[in-house]
Amino acid sequence: MIPTSIFDVIRKEVLRQCGDRDGLVDTIIFDPNGCNFDVNALLCAQNVTNGTAAGCLTVGQLSTFDTLTKDFMETNSTLVYPHWLLGAEPFWTMNVDGGSPNIIGLGYIQYTLGLGPNWNGQDFDADVVALSEKFNVGQTDASDYDVSPFYDAGKKFIHYHGMSDGGISTGASFYLCDQIDRALTPQVSSRHCTDTADYVNAPYYIAGISMTNNGQYSVPGYETEIDLTASQTGEV
């Protein structure tokens, strides 16, 4: 187990190795997935007897770090849940605090799956995953990624997720986007709050004042709808 007091130590080392990949030293990790982080830099020296006091990790704790920053896989390489991104370490306490699991997940297994109040995180195994998939209580298994009816209605789906989220792993959002991309045809892309390039057949943009000057509407084909740009400027 990694003491919670070491989480910030890990974060600072992650920031040291990954924070300037975009050429700026601004305490922001621009691309966590693109950083080849060397966790061995946190390994305690052989003469260290108290890693917590020294601000370093033992060999066993390095293994725990690897577990926390890799996808949770089960039997037959089945993905159970995506990993936390580098930079989320200070917020690991939301789910890993003194070895105790988050009360939300614990309560789901104890009461929603019906394993009882005496069940604890140490009892977790592949059977719990299989039980959850079998009952799918409340249709919590969000596995239908075909949003074409939503797309065909001329609507836009804007999804935001903080890179350093230590509660719901940001890897889950990457997974969601990948699955929607595979299910939705044609795929729609946009640049940052503005139109796509003229040679890309996806002129969508997040409508807003001064975000476009080429006369396009935010959703081509729905020109009769009141555009957000017009509503913001008072022009209808």
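**Close-up 1. Cys44, a buried cysteine, and its disulfide partner Cys56.** In this predicted model, Cys44 has a relative accessible area of 16%, so it falls under the 20% limit and counts as buried. Its partner Cys56 is buried too, at 9%. The sulfur atoms of Cys44 and Cys56 sit 2.0 Å apart, forming a disulfide. Turning to handedness, the angle about the S-S bond is 100 degrees, which makes the link of Cys44 and Cys56 right-handed. Cys44 belongs to the loop between H1 and H2, while Cys56 belongs to the loop between H2 and helix H3 (59-68), so this pair ties together parts that are twelve residues apart in sequence.

**Close-up 2. The disulfide of Cys18 and Cys35.** Here the two sulfur atoms lie 1.9 Å apart. The S-S bond has an angle of -70 degrees, and the link of Cys18 and Cys35 is left-handed. Because Cys18 lies in helix H1 and Cys35 in the loop between H1 and helix H2 (51-54), the pair joins parts that are 17 residues apart in sequence. Both ends are tucked away from the surface: Cys18 is buried at a relative accessible area of 1%, and Cys35 is buried at 11%.

**Close-up 3. The cysteines of the chain, taken together.** The model holds two disulfides. If you number the bonded cysteines in sequence order, they pair as 1-2, 3-4. For another cysteine to visit, have a look at Cys177, which is partly exposed with a relative accessibility of 37%.

**Close-up 4. A salt bridge within helix H1.** A search of the whole structure turns up one salt bridge, and here it is: the side chains of Glu13 and Arg16 meet with an N to O distance of 2.6 Å. Both residues lie in helix H1 (residues 7-18), three residues apart, or about one turn of the helix. An α-helix has 3.6 residues a turn, so residues three or four places apart point the same way. The surroundings of the two partners are worth a look: Glu13 is buried, with a relative accessible area of 12%, whereas Arg16 is exposed, at 56%.

**Close-up 5. The two ends of helix H5.** At the N-terminal end of H5 (residues 126-135), Asp125 acts as the cap. A side-chain oxygen of Asp125 lies 3.0 Å from the backbone nitrogen of Asp127. Now follow the helix to its other end: just after H5 comes Asn136, whose phi is positive, at about 45 degrees.

How values were computed: Residues are numbered from 1 along each chain as its sequence is written. This is a predicted model: local features need pLDDT of at least 70, side-chain atom pairs count only at pLDDT 80 or more; totals for chains, interfaces and linings use all residues. Side-chain values use heavy atoms; hydrogens and water are left out. A polar contact is a pair of N or O atoms within 3.5 Å; within protein, one must be able to donate a hydrogen and the other to accept it, and residues adjacent in sequence count only if both atoms are side-chain atoms. Helices (H or I, at least four residues) and strands (E, at least two) are DSSP runs, numbered from the N terminus. A salt bridge is a side-chain nitrogen of Lys or Arg within 4 Å of a carboxyl oxygen of Asp or Glu. Buried means under 20% relative accessible area, exposed over 50%, partly exposed in between (1.4 Å probe, protein chains only). A disulfide is a pair of cysteine sulfur atoms within 2.5 Å.
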